[in-house]
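Student: I should like to study a protein model with you, step by step. May we place the sequence and the structure before us and then begin?

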Amino acid sequence: MDVDERLSLEAVSANTLIAAEHRHRYEVAARAVVGQRVVDLCCGVGYGTAMLAEGALSVVGVDRAAAATDAGRASCERAGLDNVTFVTADALGYLRSLVSGEVDVVVCFEGLEHLPELDRVVDELARLASSGTAIVTSVPNSATLGEENDFHLTDFDLPSAEALAVRIPGAWIAYQTHAEGSLIRTAETDDVDARVRLGGEHDLDWANSFLVVAGIDQRRLLPVEDANLQLTVSPVNHRYMRHLEQANRELWATNMRLGRERLGRVARDAGDTEQRDRDPSDVTRIADLEAQLASAIRERDEHRRAWIVVRHSRLTRVAARLAGHRFDR
């Protein structure tokens, strides 16, 4: 996974839809790792590693990019988290180095789709799950949503996510979907006691991401009364849609400008080619027609100016009133 594909510390702290989505996954996972030894595989710059470390016994952030692990290490040191370490390593190689019982939970969010040896990585996750290690991972629904990402080596959809879950003993799937909602509050409100109702069709195959979980009870990780709707009850969507509208207008204007420039070049090129290929008699005839057209335009304009003068002259208006005529306005 290239470092440019990773969400930066600044980006994940912003009030955007993508940042809320990424934070939400780690917030859910953090409930299941309290007091546990955790590996955060494909950790990127470590913002999620830090979130897991707030309740975990220890967390190891693993990423193959040294720039990412260096950023994560520095961030956690500034935060005073002394139960976090970072390792620069390949995902497959690191998993193979783990022995049964060495870690309690392996977390890997939005990382599997980037790995060149995905099948072997899944085999290692299955091996660890068989020995009692909990697995919490997620993959984006890029195939269904038509996402084009050069960094993705595998495009998942619901069937392929289900096939992934089948390979990991005891795994089940949770569905992460962008939602909409409403909040009525006072200016002093800090805590919200919210109740979530799911209505209408549940198009699970259109979820944004699929979470594949093994070794953790569903009711513990996702109790019925629990949901994180930070992205829908804060003004995130308003800002997001406003920025999207502005970007769309800029894109439209740019496309129009480029289109005009392109059409102008094509017309000039076609005119030059046409001029070279013309018969001399055709050139003369076209010149005559252009002259006639110019003369007709001048004559029309002269009549128009005369009509305007007559219409607005004082004498004409007096005569028109006497004759009972009224000019159209």
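Student: What percentage of the residues in the protein chain is buried?

Tutor: This is a predicted model, in which local features need pLDDT of at least 70 and side-chain atom pairs count only at pLDDT 80 or more, while totals for chains, interfaces and linings use all residues. Residues are numbered from 1 along each chain as its sequence is written, and side-chain values use heavy atoms, with hydrogens and water left out. A residue is called buried under 20% relative accessible area, exposed over 50%, and partly exposed in between, with a 1.4 Å probe and protein chains only. Of the 329 residues in the protein chain, the buried share is 34%.

Student: How many helices and how many strands does the protein chain have?

Tutor: Both kinds of element are DSSP runs numbered from the N terminus: helices are H or I with at least four residues, and strands are E with at least two. Counted in this way, the protein chain has 12 helices and seven strands.

Student: What share of the contacts with a separation of 6 or more joins residues 24 or more positions apart?

Tutor: A contact means heavy atoms within 4.5 Å. Among the contacts in the protein chain with a separation of 6 or more, residues 24 or more positions apart account for 72%.

Student: Which residues of helix α4 are buried, and why do they lie on the same side?

Tutor: Helix α4 comprises residues 66-78, and its first and last C-alpha atoms are 18 Å apart, close to the expected 18 Å; the expected span is 1.5 Å times one less than the number of residues. The buried residues cover an arc of only 125° around the axis, which puts them on the same side of α4; the arc is that of the directions from the helix axis to the C-beta atoms. On the other side, Ala67, Glu77 and Arg78 are exposed. The buried residues are Ala68, Thr69, Gly72, Ser75 and Cys76.

Student: Is α2 largely enclosed or largely open, and how many of its residues are buried?

Tutor: Helix α2 (residues 17-30) has end C-alpha atoms 20 Å apart, which agrees with the 20 Å that its 14 residues should span. Its buried residues include Leu17, Glu21, Arg25 and Tyr26. Helix α2 is largely enclosed by the rest of the structure, because the number of buried residues among its 14 is 12.

Student: Which element gives the most residues to the largest nonpolar core?

Tutor: A nonpolar core is a set of buried Ala, Val, Leu, Ile, Met, Phe, Trp, Tyr and Cys residues joined through side-chain atoms within 4.5 Å. The largest one has 34 residues, and Leu112, Leu125, Leu164 and Ile168 have the most contacts inside it. Several elements each supply at least two residues, among them β1 (37-41), β5 (134-140) and α7 (158-167). With six residues, the element that gives the most is α6.

Student: Which residues is Leu112 in contact with, leaving aside its neighbours within four places in sequence?

Tutor: Leu112 is among the residues with the most contacts inside the largest core. Beyond those sequence neighbours, its contacts are Leu118, Val121, Leu125, Thr137, Val139 and Leu164.

Student: Why do Cys108 and Cys42 not form a bond, and how far apart are their sulfur atoms?

Tutor: A disulfide is a pair of cysteine sulfur atoms within 2.5 Å, and a search of the whole structure finds zero of them. Cys108 is buried at 1% relative accessible area, and Cys42 is buried at 11%. The closest cysteine sulfur to that of Cys108 is in Cys42, and it is too far for a bond, at 4.0 Å.

Student: What is the phi of Cys42?

Tutor: Cys42 is placed in the loop between β1 and α3 (47-53). Most residues other than glycine have a negative phi. Cys42 is not a glycine, yet its phi is positive, at about 55°.

Student: Where does Glu110 lie?

Tutor: Glu110 is buried, with a relative accessible area of 12%. Its phi is positive, near 50°, although the residue is not glycine. Its place is the loop between β4 and α6.

Student: How far apart are the C-alpha atoms of Asp205 and Leu158?

Tutor: Asp205 is in the loop between β6 (172-176) and β7 and is partly exposed at 35% relative accessible area. Not counting residues up to four places away in sequence, Asp205 touches Asn141, Thr144, Leu158 and Phe210. Asp205 and Leu158 are 47 residues apart along the chain, and their C-alpha atoms are separated by 5.3 Å.
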